[in-house]
Amino acid sequence: MPQESIVLETPTGSKNVLLHSCCAPCSGDVMERMADAGIKFTIYFYNPNIHPQKEYMIRKEENVRFAEKLGIPFVDADYDVMNWFERVKGLEWEPERGERCRVCFDMRFERTALYAHEHGFDTFTSCLGISRWKNMEQINDCGLRAAARYPDLHYWTFNWRKGGGSSRMIEIAKRERFYQQEYCGCAYSFRDSNKWREQNGRDRIKIGVQYYGDD
Ligand code: SF4
């Protein structure tokens with residue numbers, strides 16, 4: 001069980017939260033913390049950015065596996081990758097944390113906010129910001145913008161890295177032997193990560209091979 005010293009409370013006192021999740025490693029500690037705090041929540045998996053589909057399926061199935069273990073409801077949203085490519089057109093060469101990522105977060109959060117609005121959730125949040133590779137301010141801006149579309153919906157800007165979240169994320173991933181993705185998720189991050197690897201004398205990314213705790 002996590003060693004949490006911060007009292008976990010939603011901004012509205014809501015005990016029914018929709019948690020946008022991108023993968024099992026990023027959501028593992030967030031899920032355990034919310035469960036331990038007695039917050040009722042549902043996982044919303046909407047990540048049409050993840051490419052190729054084999055990688056998408058592995059990330060989703062890992063998240064389903066952990067949700068089932070904790071007894072957490074899991075909503076599997078559509079894999080509408082062509083809409084994602086359409087939305088980021090012209091931003092193919094943006095660096096990570098740039099404008100393409102803002103559009104990517106906006107797209108995922110807009111759908112999450114819509115689902116929350118239509119299904120009686122007054123609060124949603126995301127585990128995306130727990131990764132040190134992400135710009136938390138950018139993620140929070142996108143979450144707040146999506147929530148602002150509905151009068152009674154709130155985006156919970158909790159910093160999941162705090163209270164040991166960053167290190168527990170890795171501990172849980174190793175304990176559960178989660179699949180270890182080696183790039184953010186989209187075709188462009190796959191391309192750029194492989195380019196970096198080539199420049200640094202490393203092998204190209206192999207999809208479906210690496211699991212936490214293997215090395
Ligand atoms: S690098 Fe990650 S956050 Fe940015 S556009 Fe690609 S998948 Fe989305």
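In what order do the five strands of the open sheet stand, and is their pairing parallel or antiparallel? In this predicted model, the order is β3-β2-β1-β4-β5, and the pairing is parallel. Strands β3 (74-76) and β5 (154-155) stand at the edges, and because each has a single partner strand, one side of each is left without a neighbour in the sheet. In general, strands of a sheet pair through backbone hydrogen bonds, in either a parallel or an antiparallel sense.

At the β3 edge, strand β2, which covers residues 40-45, pairs with β3 in the parallel sense over three bridges, and within this part of the sheet Phe45 stands opposite Asp76 of β3. Helix α4 (residues 99-118) packs on the sheet and touches β1 (16-20), β2, β3, β4 (123-126) and β5, while its direction makes about 155° with that of β1.

**The ligand and its shell**

Helix α4 also has a part in the surroundings of the ligand, since the largest share of the shell, five residues, comes from this helix. The ligand itself sits in the largest cavity, where it is surrounded by Asn49, Trp84, Glu96, Arg100, Cys101, Cys104, Phe105, Arg108, Cys184, Cys186 and Ser189. Sorted by class, this shell holds six nonpolar, two polar and three charged residues.

**Backbone features in two loops**

Most residues other than glycine have a negative phi, and most peptide bonds are trans. Against that background, the table sets out two backbone angles of the model.

| Residue or bond | Angle | Feature |
|---|---|---|
| His51 and Pro52 | omega about 0° | cis peptide bond |
| Arg97 | phi near 80° | positive value in a residue other than glycine |

Which elements flank the loop that holds Pro52? Pro52 has its place in the loop between β2 and α2 (53-70), and the cis peptide bond joins this proline to His51. Arg97, with its positive phi, lies instead in the loop between α3 (81-87) and α4, and α4 is the helix that packs on the sheet.

Technical notes: Residues numbered from 1 in each chain as written. Predicted model: local features only at pLDDT ≥ 70, side-chain atom pairs only at ≥ 80, totals over all residues. Heavy atoms only, no water. Pairing = 2+ DSSP bridges. Helix = DSSP H or I, 4+ residues; strand = E, 2+ residues; numbered from the N terminus. Contact = heavy atoms within 4.5 Å. Axes fitted to C-alpha atoms, helices over the stretch in contact; angles between N-to-C directions. Near = heavy atom within 4 Å. 1 Å grid on protein atoms, 1.4 Å probe; cavity = no way out; pocket = protein on both sides within 12 Å on 5 of 7 lines; lining within 4 Å. Sits in = over half its atoms within 2 Å of the grid points. Nonpolar A, V, L, I, M, F, W, Y, C, P; charged D, E, K, R; others polar.
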